[in-house]
Every structure is written in structure tokens, then in C-alpha cells.
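Here are some comments on the model, set out as numbered points that begin with the aromatic residues and then turn to the nonpolar core and its surroundings.

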Amino acid sequence: RVFIAVTNDFSALMKAAAEKGIVGADYFWLFTDGTDLSDIDGKIYDEGSPLARSLKGVGLIKAEPGTPGMKGYDKYVEVYNNVGLEEISYFNSKLPVAPSGESMDMYKNFTPSMFNSL
């Protein structure tokens, strides 16, 4: 059986999957590159623990926009690297807010440094 998972809480999902018995040799979990793997990166878990069992049969798929020299990719990089404060303000205005009007911790505001890495 194959599961494709988009999650921001890998540990919680896989602990629950282990509790339900849907990890191990008969199961494969495919995660997207948006998955936060900091809970497992470089860590060693006790043999037989829920996370240790769930890490057998796990994969990660990454989305790549293209390669330099491709017309669409080069245009994308040009636009991405030139996102300005006006655009960032617009992006931030579209983030969800709590009913009280406060920003929600799970949604981080965009910052200029996010747009100079390509």
C-alpha cells in the first residue's frame, strides 16, 4: 500500500500511522518536499519505537522548477529574484488570520530574504 502525504507534522502523522499499524514492510509513505523533516533529520530512534518503525518504507519527492537555460525557468528566476516590498506586502495580506484578527503561528509572514535564494 502506498500513501502520499502532504504534512507539516511528520512525527505526529507517523506516530499515529504506527499506532494504527500502517507502517512497515507492506506500506510505503511518500512525502512531498514541503514536509518538515527536522524531527527526524540526523536522529536515531530506539529500535521498535513508533518513529523507528515508520521510517522503514519512506520516500521524499521534490519539485524542481527547471534548469538554467530553459526559457520558462529563466523567466521564473528573474521574476522571483525581483519580488519587492509591494509584492511581499500583498502576499502577506492574503495569509489567513485567526478570528481575533491576530496572525496565526503556522503561517509565517513573507520577508525579502525569502526571495533571493534562486
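1. Trp-29 and Phe-31 are both buried, and since this is a predicted model, that statement, like those that follow, concerns computed coordinates. For Trp-29 the relative accessibility is 6%, so this residue falls under the 20% limit for a buried residue. The two residues also form an aromatic pair, stacked, with 6.2 Å from centre to centre and 20 degrees between the planes.

2. A pair of aromatic rings is described by the distance of the centres and the angle of the planes, and with pairing defined by ring centres within 6.5 Å, the count for this model comes to 10 aromatic pairs. One of them joins Phe-3 and Trp-29, whose ring centres are 4.3 Å apart and whose planes meet at 15 degrees; because planes under 30 degrees apart count as stacked, this pair is stacked. The pair links distant parts of the chain, as Phe-3 lies in strand S1 (residues 2-5) and Trp-29 in strand S2, 26 residues apart. Which class of exposure does Phe-3 have? At 24% relative accessibility, Phe-3 is partly exposed, whereas Trp-29 is buried.

3. Elsewhere, ring pairs join Tyr-76, Tyr-80, Tyr-90, Phe-91, Phe-110 and Phe-115 into a cluster.

4. The largest nonpolar core consists of 10 residues, namely Ala-5, Phe-10, Met-14, Ala-17, Ala-18, Val-23, Tyr-27, Trp-29, Phe-31 and Leu-51. Helix H1 (10-19) and strand S2 (28-32) each contribute at least two residues to this core, and the largest share, 4 residues, is supplied by H1. As general background, nonpolar side chains in soluble globular proteins tend to be buried together.

5. Once its neighbours within four places in sequence are left aside, Phe-31 is in contact with Ala-5, Thr-7, Phe-10, Leu-13, Met-14, Val-58, Gly-59, Leu-60 and Ile-61. Among these partners, Ala-5, Phe-10 and Met-14 are also listed as members of the largest nonpolar core.

6. Val-58 deserves a separate comment. This residue lies in strand S3 (residues 58-61), and, with neighbours within four places in sequence left aside, Val-58 is in contact with Phe-10, Phe-28, Trp-29 and Phe-31. The C-alpha atoms of Val-58 and Leu-30 are separated by 5.9 Å, although the two residues are 28 residues apart along the chain. Why is Val-58 classed as partly exposed? Its relative accessible area is 30%, and because buried means under 20% and exposed over 50%, Val-58 falls in between.

Definitions and conventions. Residues are numbered from 1 along each chain as its sequence is written. This is a predicted model: local features need pLDDT of at least 70, side-chain atom pairs count only at pLDDT 80 or more; totals for chains, interfaces and linings use all residues. Side-chain values use heavy atoms; hydrogens and water are left out. A nonpolar core is a set of buried Ala, Val, Leu, Ile, Met, Phe, Trp, Tyr and Cys residues joined through side-chain atoms within 4.5 Å. Buried means under 20% relative accessible area, exposed over 50%, partly exposed in between (1.4 Å probe, protein chains only). Contact means heavy atoms within 4.5 Å. Rings of Phe, Tyr and Trp (its six-membered ring) pair if their centres lie within 6.5 Å; planes under 30 degrees apart count as stacked, over 60 as edge-to-face and the rest as tilted.
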